[in-house]
Protein chains: 2
Amino acid sequence: MTPQPGSPGDVLTLISTGSATTRSDLARVTGLARSTISQRVDALIERGLVEETETGESTGGRPPRQLRLHTEEHAFAGVDLGATHCRVALMDISGEILAACEDPLLIGDGPEEVLAHVDRRLDALLADAGRPRAALRAIGMGVPGPVEFATGRPNNPPIMPGWNDYPIPEYFDGPSVLVDNDVNVMALGEHRHAFPGARHLLFVKAGTGIGCGIVADGKLHRGAQGSAGDIGHIRVSGHDDAGCRCGNSACLEAVAGGAALARRLRELGLAAESAADVVALVQAGDTQALRLVREAGRLIGEVLAGLVNFFNPEVIVIGGALSRVHDHLVAGVRETIYRRSLPLATHHLSITPSRAGVDAAVLGAGLLAVEHYLSPDNINRIVNA
Amino acid sequence: MTPQPGSPGDVLTLISTGSATTRSDLARVTGLARSTISQRVDALIERGLVEETETGESTGGRPPRQLRLHTEEHAFAGVDLGATHCRVALMDISGEILAACEDPLLIGDGPEEVLAHVDRRLDALLADAGRPRAALRAIGMGVPGPVEFATGRPNNPPIMPGWNDYPIPEYFDGPSVLVDNDVNVMALGEHRHAFPGARHLLFVKAGTGIGCGIVADGKLHRGAQGSAGDIGHIRVSGHDDAGCRCGNSACLEAVAGGAALARRLRELGLAAESAADVVALVQAGDTQALRLVREAGRLIGEVLAGLVNFFNPEVIVIGGALSRVHDHLVAGVRETIYRRSLPLATHHLSITPSRAGVDAAVLGAGLLAVEHYLSPDNINRIVNA
DNA sequence: GATCTTTGTTCGTCGATCGGCGAAAGTGGC
DNA sequence: GCCACTTTCGCCGATCGACGAACAAAGATC
């Protein structure tokens, strides 16, 4: 008896990851008897977790019946709360987005108001997708500040007044609610969507501020206090005159964040209030703005060069508002990383702009919910109930 | 049936970690029937993996028979290869060191000669401990350079001429051999010995060069190419004139490594060739040397401050040759980290000198071997054989 | 259309686990 | 000192679940 990979939850994991799509596949992969697999699959079908599709290709004998996740009956939500927007997506159990919406919304309005808005949007999206509220199994949410993941409570978030220690999961009645930092869920979304095979990945969000989500060994690394990835206040060389809101100087965010770039453009006499304005100027062909973005890429690259040596990831993804001009930003990042990091660490490293784009956060948040629901422990609990 | 934590390997894990020390404990923790537990334990005793000790304290009824790892019959080795030394320790299955030795040895003599030396020392230590060679189940080894852990082959190590791609495990016939970077095994040793409860730990080795071992979620993080933790070539501010052997300038190692400190002391007219000489000068009360060490601590702290924001560890351990003057080094490190890192990340962070000292590497290497042997998969294989 | 191959189900067998029972080995009250 | 009580632990019949052989299904091959 080897370490038995045979519980219903494990079987479902194999189906959901596509490692095995038929009963015989499952028998081969798990080493269990075909009859045992049939029994497990029957239980999963009975619970509405798996469905049979058309029979597949024959390989010389009876064609197998394909199995896949039963995508009706269940629904999951991914919520992306930003400082000034709220994006909500409804997805099925396979991670496919069924419907999504985005509205301007001030996080500073406080949890009651913001979560009520989310709740209304969830109802609307569920109606669009033709699923009852009861089908909603779990909600994943990314918020712009540090969170104690285990409890879903924001931990002294600087830009979320009124949210400190607010127990977000308790607001929703029924589904499991998982709350994490927005950069973490973006990293997860990008990993699952574009680089599912990568073991170690960094996702850098360059917007008003600068943050980083860490996927280590395929899982999110949140750190001891859930504050891992906060690279915006790492010191960069040669900018000791640049003061930062954190009280120190020469922080990455203070020289390469969207707010800092806008400020420097204003000093040059241009109209720029936010990261979006900087992007607009670059897209309009302004050479000053372009130069600043490229220089910001180099500065971000300087910090990342150190982190590449330290963490040795396989992939670095650049996302966030500034990445809309990613050609210039990523060029600066690449330039510095390849110059300053060790060859062994950069040899198989790819550095790319985000592929999931604006959906990265809702996708990652939703997948956090789906993966929680599909975890072997949870499935075994459901099947044995 | 919940995710069954019931295989013999799992039972042994509970015994070895001290989570359960009696049969009834095991039944309570695993949820298995007492009779099943007895059967598992009998199998483990029969294989010589577990032994019964004196009966324990009664809690009002029949006193339980204590169980623990059977420390005779098995032996494990931890090998610490440095540039100029070789330390070997023999330990039992509980991680207790039975015997140890250290000799000067040049790694540059090449694998055949060095490993032959290790082999002779192993025989001597086994004889000391009164155990037959056949009792040696596994060997862990730390080497001063990057290693492909899965195969045990050094990967272009700069200071190990003749070792590139040499398949170290094949040299030893019989026991499993696990080879890793020396800093990684030191991190593991320190974690298991002094901070077994910490989830995330960084071990910094400050010697001739500067490296870092990473324990993430209780396990070593090696990175995509096994080069994670190479912090010696991260850039520090304000030292652009300091050239480094890697071809860049302002590398941490080039300004705060033992070799760099020795060079700067020579420029001041003092006799210092190595990190050990720097330590000797500090211990002799030389104020110039002391000032340099403290400044080195600040520079290391600057790099670590960034890594604390990024990785958010619970513990940072400072080890290596320079840590013999750890009062001064650690003071510099603390000073900068608490100034430059985010409060949330430093609030529960402890920064301490190494507690395992010179044994950190052999301890970690040996534990790598023991933990490999005690892994549930391996134990199940042994019991079912 | 007969045979072969592969898939999936049914059902009897067998091994492993469970849990009750009783013996062992202590504690504590009287 | 004796007896009731508690807890540990081995034994053994009852039960549960996985296995695999036999069979049915469904298409490929000739």
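A salt bridge is a side-chain nitrogen of Lys or Arg within 4 Å of a carboxyl oxygen of Asp or Glu. I wanted that written down before I started on this model, which is predicted.

**Entry 1: two domains of chain A**

I looked up how chain A is split: domain 1 covers 8-69, domain 2 covers 75-188 + 361-384, and domain 3 covers 196-355. I picked domains 1 and 2 of chain A, and their C-alpha centres turn out to be 31 Å apart. Eleven residues of domain 1 and nine residues of domain 2 make the contact.

How many salt bridges are there between domain 1 of chain A and domain 2 of chain A? I got zero. I did find two residue pairs in polar contact across that interface. On the domain 1 side, α1(A) gives the largest share, six residues. By class, I noted six nonpolar, three polar and two charged residues on that side.

Next I checked the area: these two domains of chain A bury about 840 Å² between them, with 75% of it on carbon and sulfur atoms. In domain 1, A:Arg47, A:Leu49 and A:Leu69 lose the most, together 48% of what that side buries.

**Entry 2: DNA strand D**

I moved on to the DNA and found 23 residues around strand D, with A:Ser35, A:Thr36, B:Ser38, B:Arg62 and B:Arg65 coming nearest. Which part of strand D do B:Ser38 and B:Arg62 approach? The side chain of B:Ser38 has an N or O atom 2.5 Å from a phosphate oxygen, while the side chain of B:Arg62 has one 2.7 Å from a base oxygen. I also saw a backbone N or O atom of A:Ala33 at 3.2 Å from a phosphate oxygen of strand D.

Key
Residues are numbered from 1 along each chain as its sequence is written. Chains are lettered from A and ligands numbered from 1 in the order in which they are written. This is a predicted model: local features need pLDDT of at least 70, side-chain atom pairs count only at pLDDT 80 or more; totals for chains, interfaces and linings use all residues. Side-chain values use heavy atoms; hydrogens and water are left out. A residue is near a molecule or strand if one of its heavy atoms lies within 4 Å of it. A polar contact is a pair of N or O atoms within 3.5 Å; within protein, one must be able to donate a hydrogen and the other to accept it, and residues adjacent in sequence count only if both atoms are side-chain atoms. Domain bounds come from an automatic or database domain assignment. Contact means heavy atoms within 4.5 Å. Buried area is the accessible area (1.4 Å probe) that two parts lose on being put together, summed over both. Helices (H or I, at least four residues) and strands (E, at least two) are DSSP runs, numbered from the N terminus. Ala, Val, Leu, Ile, Met, Phe, Trp, Tyr, Cys and Pro count as nonpolar, Asp, Glu, Lys and Arg as charged, and the others, Gly among them, as polar.
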